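The following exercises are to be worked with the sequence and the coordinates at hand. Each task is followed by a solution in steps.

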Amino acid sequence: MIAACGTFADTRTDLQNFAEIEKGRYLASAADCVACHTVWPNGARFAGGRPIETPFGNIVSANITPDRETGIGSWSDDQFDDAVRRGIRPNGARLYPAMPYPYYTKMSREDVLAIRSYLKALEPVRNPVLTNTLPFPFNIRTSMRVWNVLFFKDERFKPDPQKSDVWNRGAFLVEGPGHCGACHTPKNFLGGDKSGEYLRGSNLQDWFAPDITNDERTGLGRWSLDEVAEFLKSGHNRVGAAVGPMAEEVMHASSAMSESDLKAIATYLKDQPGHSDKLAPLPENNPQMVAGEAIYRDQCAACHQIDGKGVARLFPSLADSSMARADDPTSLLRLVLRGSRSVATKEEPTAPGMPSFAWQMNDEQVAAVATYVRNRWGNPAPAVSSSAVAKLRSNLAKRVD
Ligand code: HEC
Ligand code: HEC
Ligand code: HEC
């Protein structure tokens with residue numbers, strides 16, 4: 001009898017543990033821990049060692065498997081919580097915000113301990129990781145104390161009682177585990193979020209992560225709520241395809257989120273007000289528009305169509321692409337120069353590709369066709385200069401990715 005009771009009690013604990021681990025697995029996936037803490041494609045998952053690029057230099061991610069010597073197996077729950085939500089290591093040293101603790105801080109302690117339970121259940125991997133060396137003054141971890149005073153708020157997510165539960169769930173996911181602002185909010189010269197420009201687009205790693213507010217020209221104003229959710233689930237929709245860092249985000253994180261969570265994120269993003277100025281369209285006889293139209297018909301229209309509307313889920317609609325109309329044209333120029341192959345997901349298993357035009361077009365030609373697609377179908381965006389193309393071309397030549 002006693003034995004039977006014991007068994008019953010154990011089973012209950014197992015079930016509780018299972019629920020906790022499952023909650024942690026889901027949050028860790030939404031938070032994309034695996035993307036940064038793994039050397040792709042061959043490194044052991046969560047074993048660290050991937051250099052994370054920042055404007056101040058590369059910062060190598062840590063081993064967060066339960067290995068006691070080279071991972072975090074010997075850490076207490078409090079130590080784990082301090083690292084993930086406050087950027088403090090067990091020895092008191094500060095983490096660089098390449099680890100998105102300024103966003104993860106919005107999670108509750110229970111959330112973070114659930115992630116810990118999930119990580120504890122993984123196979124320990126022995127993998128000593130060498131920490132980075134940033135140039136002065138950023139190599140001094142103590143300077144992060146000053147950074148934290150300036151830019152870090154140790155505070156949990158607070159639901160807005162004026163808004164629906166769905167909106168609040170979306171807000172929590174975007175501000176907290178999803179850390180969308182890490183890429184989509186512009187940064188000041190010290191790498192802190194610019195206040196008042198939340199989610200309005202930011203330059204990183206020679207990409208531009210566009211405005212994801214509901215702005216008509218630069219943001220998601222032309223996307224329906226379902227189209228936002230579809231993009232996050234499959235990496236594709238009528239308007240665009242996820243490429244570069246966003247392809248990684250979709251592959252490891254958002255494609256694994258539940259339909260209801262993706263709708264929640266879409267509801268929240270579609271409720272963020274737009275702000276960009278309306279510009280006057282360039283006149284049709286503008287030399288860049290004339291040259292750009294000829295190049296477009298020759299090189300782009302076969303896929304994106306003469307009317308710019310593309311072919312749903314195969315070739316993005318440039319007529320509605322906010323990425324193409326971003327004030328900062330980096331992502332558009334990068335696609336034209338480098339081409340790309342977007343993400344393949346369960347929903348969209350064959351990722352179509354776009355060829356590279358770097359060899360066929362000079363800087364003036366790339367600038368002209370870019371200016372044309374930014375001004376042809378309404379919601380005009382600033383013209384692109386050939387010097388912007390030249391600069392990106394030389395940056396890309398130095399990149400390995
Ligand atoms: C955008 C990349 C990125 C993401 C996403 C990310 N991390 Fe990190 N993490 C880092 C980097 C880089 C470091 C090392 C920072 C440093 O050395 O200052 C780090 C450090 C850590 C540390 C400290 C380890 C040590 O030995 O000091 C822990 C714990 C950690 N991350 C856990 C997590 C968890 C849990 C998640 C998901 C909830 C996560 N990280 C998501 C980049 C990331
Ligand atoms: C062979 C077909 C093909 C041609 C030709 C082509 N593209 Fe693309 N383009 C694509 C595909 C496919 C994507 C989706 C990204 C991916 O799958 O990597 C894309 C994506 C884009 C995007 C991103 C839209 C968004 O919001 O996600 C822009 C902008 C773009 N192309 C511009 C151009 C321009 C300008 C040209 C001509 C210089 C061109 N493309 C030629 C196939 C093509
Ligand atoms: C690691 C950096 C990174 C993170 C984290 C990230 N994004 Fe992105 N995102 C980008 C980049 C770069 C682009 C531009 C390339 C593209 O359109 O695929 C982009 C594009 C997008 C687009 C398409 C916008 C358009 O106009 O074409 C949406 C929507 C989006 N992100 C939503 C999100 C949401 C929601 C989150 C958080 C759950 C998020 N992103 C997290 C880097 C990131």
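A polar contact is a pair of N or O atoms within 3.5 Å. The model is predicted.

**Exercise 1. Identify which residues come closest to ligand 1, and list polar contacts made with this ligand.**

Step 1. The shell around ligand 1 holds 26 residues, and the closest are Cys33, Cys36, His37, Arg89 and Met99.

Step 2. Apply the cut-off of 3.5 Å for pairs of N or O atoms. A polar side-chain atom of Arg89 is placed 2.4 Å from an oxygen atom of the ligand 1 molecule. For Tyr96, a polar backbone atom is 2.8 Å from an oxygen atom of ligand 1. An N or O atom in the side chain of His37 is 2.8 Å from a nitrogen atom of ligand 1.

**Exercise 2. Describe the iron site of ligand 1 and locate its protein donors in the fold.**

Step 1. His37, through NE2, and Met99, through SD, coordinate the iron atom of ligand 1 at 2.0 to 2.2 Å.

Step 2. The six donor atoms of this iron make angles of 88 to 179°. Six donors count as octahedral if opposite donors are over 155 degrees apart and all others between 65 and 115. The site of the iron atom of ligand 1 is octahedral.

Step 3. His37 belongs to the loop between helix H2 (33-36) and strand E1 (51-54), and Met99 to the loop between helix H3 (77-86) and helix H4 (101-104); the pair therefore ties together parts that are 62 residues apart in sequence.

Step 4. Both His37 and Met99 are buried.

**Exercise 3. Carry out the corresponding analysis for the iron atom of ligand 2, and decide whether His304 and Met354 are buried or partly exposed.**

Step 1. The iron atom of ligand 2 is coordinated by NE2 of His304 and SD of Met354, at 2.0 to 2.1 Å.

Step 2. Angles among the six donor atoms run from 87 to 178°, and the site of the iron atom of ligand 2 is octahedral.

Step 3. His304 is in helix H12 (residues 287-304) and Met354 in strand E6 (residues 353-354); the two are 50 residues apart, and the pair links distant parts of the chain.

Step 4. Buried means under 20% relative accessible area, exposed over 50%, and partly exposed in between. His304 has 10% relative accessibility and so counts as buried. Met354 has a relative accessible area of 24% and is therefore partly exposed.

**Exercise 4. Characterise the surroundings of ligand 3 by residue, by contact and by secondary-structure element.**

Step 1. There are 24 residues around ligand 3, of which Cys180, Cys183, His184, Met246 and Ser322 come nearest.

Step 2. By class, this shell has 19 nonpolar, four polar and one charged residues.

Step 3. An N or O atom in the side chain of Ser322 is 2.2 Å from an oxygen atom of ligand 3. A backbone N or O atom of Val243 is 2.8 Å from an oxygen atom of ligand 3. A polar side-chain atom of His184 is 2.8 Å from a nitrogen atom of ligand 3.

Step 4. Elements giving two or more residues to the shell include helix H8 (181-184), strand E4 (207-209), helix H10 (244-252) and helix H13 (322-325).

**Exercise 5. Establish how E1 and E2 pair, and assign the residues of E1 to a covered and an uncovered face.**

Step 1. E1 and strand E2 (residues 57-60) pair in the antiparallel sense over four bridges. The connection from E1 to E2 is a hairpin of two residues.

Step 2. Within this pairing, Glu53 has Asn58 of E2 as its bridge partner.

Step 3. In a regular strand the side chains alternate between the two faces of the sheet. In E1, Ile52 and Thr54 form the covered face, whereas Pro51 and Glu53 form the uncovered one.

**Exercise 6. Examine the backbone geometry at Pro41, Gln205 and Gln305.**

Step 1. Most residues other than glycine have a negative phi, and most peptide bonds are trans.

Step 2. The peptide bond from Trp40 to Pro41 is cis, with omega near 0°. Pro41 lies in the loop between H2 and E1.

Step 3. Gln205, which is not a glycine, has a positive phi of about 50°. This residue is in the loop between strand E3 (202-204) and E4. With a relative accessible area of 27%, Gln205 is partly exposed.

Step 4. Gln305 likewise has a positive phi, near 70°. The loop between H12 and H13 holds Gln305, and its 29% relative accessibility counts as partly exposed.

Methods:
Residues are numbered from 1 along each chain as its sequence is written. Chains are lettered from A and ligands numbered from 1 in the order in which they are written. This is a predicted model: local features need pLDDT of at least 70, side-chain atom pairs count only at pLDDT 80 or more; totals for chains, interfaces and linings use all residues. Side-chain values use heavy atoms; hydrogens and water are left out. Donors are N, O and S atoms within 2.8 Å of the metal (3.2 Å for Na, K and Ca); water is not among the atoms, so sites may look incomplete. Four donors count as tetrahedral if all angles lie between 85 and 135 degrees; four count as square planar and six as octahedral if opposite donors are over 155 degrees apart and all others between 65 and 115; anything else is irregular. Buried means under 20% relative accessible area, exposed over 50%, partly exposed in between (1.4 Å probe, protein chains only). A residue is near a molecule or strand if one of its heavy atoms lies within 4 Å of it. A polar contact is a pair of N or O atoms within 3.5 Å; within protein, one must be able to donate a hydrogen and the other to accept it, and residues adjacent in sequence count only if both atoms are side-chain atoms. Ala, Val, Leu, Ile, Met, Phe, Trp, Tyr, Cys and Pro count as nonpolar, Asp, Glu, Lys and Arg as charged, and the others, Gly among them, as polar. Two strands pair if DSSP finds at least two bridges between them.
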